[in-house]
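I opened a fresh notebook page for this structure and took things in small steps. Come along if it is new to you; the entries are short.

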Amino acid sequence: MSGAADGAGLILGIETSCDDTCAAVVTHDGEVRSNVVSSQGVHDAYGGVVPEIASRHHLQLANAVVEDALRRAQATFDDIGLVAVTQGPGLVGALLVGVATAKAIAAARGLPLAPVDHLQGHVAANFLRMGDGPLEPPFLCLIASGGHTLLARVTAYDGFEVLGRTLDDAAGEAFDKGARLLGLPFPGGPALQRLAEQGDPTAFAFPTAKGVAGLDFSFSGVKTALLYAVRDLGPEEVQRRRADLAASYQHAIVEALVDRCERALRETGLRRLALGGGVAANGPLRERFRALGAEVSIPPMELCTDNAAMIASAARWVTPLPYPAYLGVEAYASGERAA
Ligand code: KG4
Ligand code: ZN
């Protein structure tokens, strides 16, 4: 472990990059003492996350969520030695609330602050102590959520190399948009998976974008294909074949993800593959990955979806900034800061 990992006290993590207000307490050797996620169900009515509403809710929830994380960890601010916060990428207004909260807590207590890249956080979820113990590099990591779809080669604890990313929609976004076309509620992934259980995945041949060069992903084709199928079938037929449409659509997304990972495993010679992001909850996706023959590691779901324990975990390999150097730290909306 690096110098940052040898620090004293516990790490308080804060994550507000999208619509979940998260705080967690983690030890320097990767034990999760608490991991609190307050989900903002308010967005469901809009069929997607509304940035301004997300920021406002973060403001209302941040202090209570931090206090809850401390209470559940049976800790106080006196036990904290480092504050870690998601700096980006994400919704900039949402990130701002977390960054300001972290700065205020750190400044008031004279603590150092570690700004963390959100995607590095998803990778570092694998470095926490869990089921089979923490994963050690090297491994491949597929992060598939509502905001990101990224295939990374992880050879160190403090960075990753991007092998492929989506050229358009994220995989979770594709699930959400497909679900919407089929009249399912937001977030669409879980609802679409449930409906697909009664359908035939081979009923419709939706495109899997296997023709996209390299290890990048594309989900706009499958989404358009579903849109046309729904339009061409007409309302009655769509109603009758909804489960088949859902199953075929899900199948195309899963096969696209599996295809790239299979190729990346082959091309890199790596044997281990870790999954992260909300889409890792998908049952057929998990089954397909387990049948690949590689060693597949899927952290518990609460560490796959957005959470602050993964941010605190990543902070162990970030050089912390002392007061007042971190007062100039600003949130960034897009781009990856990976090494
Ligand atoms: O990581 P996450 O909780 O939040 C971010 O987007 O950052 O991921 C949420 C995404 C949503 O798009 C949701 O539809 C998708 O993960 N998802 C699923 C399933 N559960 C959640 N997609 C497919 N199958 C699921 N069972
Ligand atoms: Zn995320």
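**Entry 1: terms.** Before looking at helices I noted what the word covers: helices (H or I, at least four residues) and strands (E, at least two) are DSSP runs, numbered from the N terminus. I also wrote at the top of the page that this is a predicted model.

**Entry 2: around ligand 1.** With that settled, I looked up which helices each supply at least two residues of the shell around ligand 1. I found helix H4 (171-181) and helix H5 (188-196). H5 gives the largest share of that shell, with 4 residues.

Next I asked which of the 18 residues around ligand 1 come nearest. My list reads Gly146, Asp176, Gln193, Gly278 and Asp306.

**Entry 3: polar atoms facing ligand 1.** I checked three distances here. For glutamine 193, a polar side-chain atom lies 2.8 Å from a nitrogen atom of ligand 1. For aspartate 306, a polar side-chain atom is 2.9 Å from an oxygen atom of ligand 1. Glycine 172 takes part through its backbone: an N or O atom there lies 3.0 Å from an oxygen atom of ligand 1. Then I looked at how much of the ligand is covered: on its own, ligand 1 has 550 Å² of accessible area, and the protein covers 86% of it. I also looked up the pockets, and the largest pocket is the space taken by ligand 1.

**Entry 4: the zinc ion.** Which residues coordinate the zinc ion (ligand 2)? I found His118 (NE2), His122 (NE2) and Asp306 (OD), at 2.1 Å. Aspartate 306 was already on my page, since a polar side-chain atom of this residue lies 2.9 Å from an oxygen atom of ligand 1.

I then wrote down the spacing of the zinc donors in sequence, which is H-x3-H-x183-D. Both histidines, 118 and 122, sit in helix H3 (residues 118-124). They are 4 residues apart there, about one turn of the helix.

Are these histidines buried or exposed? Histidine 118 has 2% relative accessibility, so I put it down as buried. Histidine 122 also has a relative accessible area of 2%, so it goes down as buried too. The cut-off I used for buried is under 20%.

**Entry 5: serine 218.** I found serine 218 in the loop between H5 and helix H6 (220-233). Its relative accessible area is 15%, so serine 218 counts as buried. What does its side chain touch? There is a polar contact with the side chain of aspartate 168, at 2.7 Å.

**Entry 6: cis peptide bonds.** I noted two peptide bonds here. One joins proline 137 and proline 138 in cis, with omega about 5°. Proline 138 is in the loop between H3 and strand E6 (139-144). Another cis bond joins phenylalanine 186 and proline 187, with omega about -5°. I placed proline 187 in the loop between H4 and H5.

**Entry 7: positive phi.** Glutamine 74 is not a glycine, yet its phi is positive, near 55°. This residue is in the loop between helix H1 (51-72) and strand E4 (80-88). With a relative accessible area of 77%, glutamine 74 is exposed.

Alanine 209 also has a positive phi, about 55°, although it is not a glycine. I located alanine 209 in the loop between H5 and H6. At a relative accessible area of 23%, alanine 209 is partly exposed.

**Entry 8: two glycines in loops.** Glycine 133 lies in the loop between H3 and E6. It is partly exposed, with a relative accessible area of 24%. How far from glycine 30 is it in space? The C-alpha atoms are 9.8 Å apart, while 103 residues separate the pair in sequence.

Glycine 41 is in the loop between strand E3 (32-39) and H1. Its relative accessibility is 45%, so glycine 41 counts as partly exposed. From the C-alpha of glycine 41 to that of aspartate 20 I noted 9.3 Å, for a pair 21 residues apart along the chain.

**Last note.** If I return to one residue, I will pick aspartate 306, which is among the residues that coordinate the zinc ion and among those that come nearest to ligand 1.

Technical notes:
Residues numbered from 1 in each chain as written. Chains lettered and ligands numbered in written order. Predicted model: local features only at pLDDT ≥ 70, side-chain atom pairs only at ≥ 80, totals over all residues. Heavy atoms only, no water. Donors = N, O, S within 2.8 Å, 3.2 Å for Na, K, Ca; no water. Buried < 20%, exposed > 50% of the residue type's maximum accessible area, 1.4 Å probe, protein only. Near = heavy atom within 4 Å. Polar contact = N/O pair within 3.5 Å; in protein donor to acceptor, adjacent residues only side chain to side chain. Areas by Shrake-Rupley, 256 points an atom, 1.4 Å probe, with all protein chains shown as cover. 1 Å grid on protein atoms, 1.4 Å probe; cavity = no way out; pocket = protein on both sides within 12 Å on 5 of 7 lines; lining within 4 Å. Sits in = over half its atoms within 2 Å of the grid points.
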